[in-house]
Amino acid sequence: MATQPNQALPNGYRLNEYTIVRKIGGGGFSMVYLARDDTNQPVAIKEYLPGALVLRTEGSVLVQANSSENNAIFRHGLKCFFEEGRALARINHPNVVRVTNFFRANDTVYMVMRFEQGKTLQRHITSIKEPMRESFIRSVFVQLLNGLREVHAHKILHLDIKPSNIYIHADGSPVLIDFGAARHALTYDFQAASPMYTPGFAAPEQYNQRERLGPWTDIYSVGATLYACIVKSPPPPADQRQDKDKLIPVSKTHAGLFSKELLELVDSMLKLNYTERPQSVFVVQKKLIEMARTSREHKPSLLALIKDRISRRI
């Protein structure tokens, strides 16, 4: 079903103890607003608003299911979104966006998060022409995986890890944001919940084997994000790879530009069969830390740099 043209909350709208400043993002399942609380501190507010299921017309702030058949699905999603807010509010980690509040209003649910300053990893990737420094990649992802370990320890899967959902602060530290696709691994019915994924970064089981979701699913997405740091573009969508896998391992395409250990780790994280990937965040993090301990800063060879430049021009 096509996504409905939902109206955002108007600028200046009073939502509980928050004042909406403006809409700053959103996709098929939610809208995100910059707002200010009663102490004038900026916050980000995510509104559950699945366009395929609900419609909010101009001049109204209430959210209504667009059909009687979709009402039950929408209500189930509301419950999941609210419970995820409750679970995420228990997580207090420097590398995970802080959820400070969650509440019901306008016949939907809102999640209030700390407003993060910095730029996304996606912007960092596209702003650099030369290969990204491997020491920077290792530093960012070791810290990011610290946060993801905490998320998994609360039995939550993120399910939408990608460069645009990772903020890089001025000091180089990352923070994982946007838990709009998150699912509580032990509590919720994955089959009843609406699928949410980003092609290129979503694991194959997110398409058609959702009963197999687990930590390895987020690990695939982290691998795809690492791939994007190396190649400057995401890998082919997993559903296309299942039909005919045209993905060439980065250990072959980018040999000499990055260490063999890093490239082989990325290849292992992008295995289509989830049992062939690293099964825990700790395993991936340990390998990255070992690389930092046993190797100096990897400097791309001149030949590898020339080959990289030529390949981008083709």
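These legends describe close-up views of aromatic rings in a predicted model.

**View 1. Aromatic pairs across the model.** Six aromatic pairs are counted. A pair of aromatic rings is described by the distance of the centres and the angle of the planes.

**View 2. Y18 and F103, a stacked pair.** The ring centres of Y18 and F103 lie 6.1 Å apart. Their planes meet at 5°, so the pair counts as stacked; the cut-off for stacking is under 30 degrees. Y18 belongs to strand β2 (residues 18–26). F103 belongs to strand β7 (residues 99–105). The two residues are 85 residues apart, and their pairing links distant parts of the chain. Both Y18 and F103 are buried.

**View 3. Y48 and F74, a stacked pair between strand and helix.** Here the centre-to-centre distance is 5.7 Å, with 5° between the planes. Y48 sits in strand β4 (residues 42–48), F74 in helix α1 (residues 68–88). The pair therefore ties together parts that are 26 residues apart in sequence. Y48 has a relative accessible area of 7%, so this residue is buried. F74 has a relative accessible area of 0% and is buried.

**View 4. The aromatic cluster of Y18, F103 and Y110.** These three residues form one cluster. Y18 and F103 are the stacked pair of View 2. Y110 joins them in the cluster.

**View 5. R104 over the ring of F82.** R104 lies over the face of F82. The distance from the ring centre is 4.4 Å.

Methods
Residues are numbered from 1 along each chain as its sequence is written. This is a predicted model: local features need pLDDT of at least 70, side-chain atom pairs count only at pLDDT 80 or more; totals for chains, interfaces and linings use all residues. Side-chain values use heavy atoms; hydrogens and water are left out. Rings of Phe, Tyr and Trp (its six-membered ring) pair if their centres lie within 6.5 Å; planes under 30 degrees apart count as stacked, over 60 as edge-to-face and the rest as tilted. Helices (H or I, at least four residues) and strands (E, at least two) are DSSP runs, numbered from the N terminus. Buried means under 20% relative accessible area, exposed over 50%, partly exposed in between (1.4 Å probe, protein chains only). A charge sits over a ring if NZ of Lys or CZ of Arg is within 6 Å of the ring centre and within 35 degrees of the ring normal.
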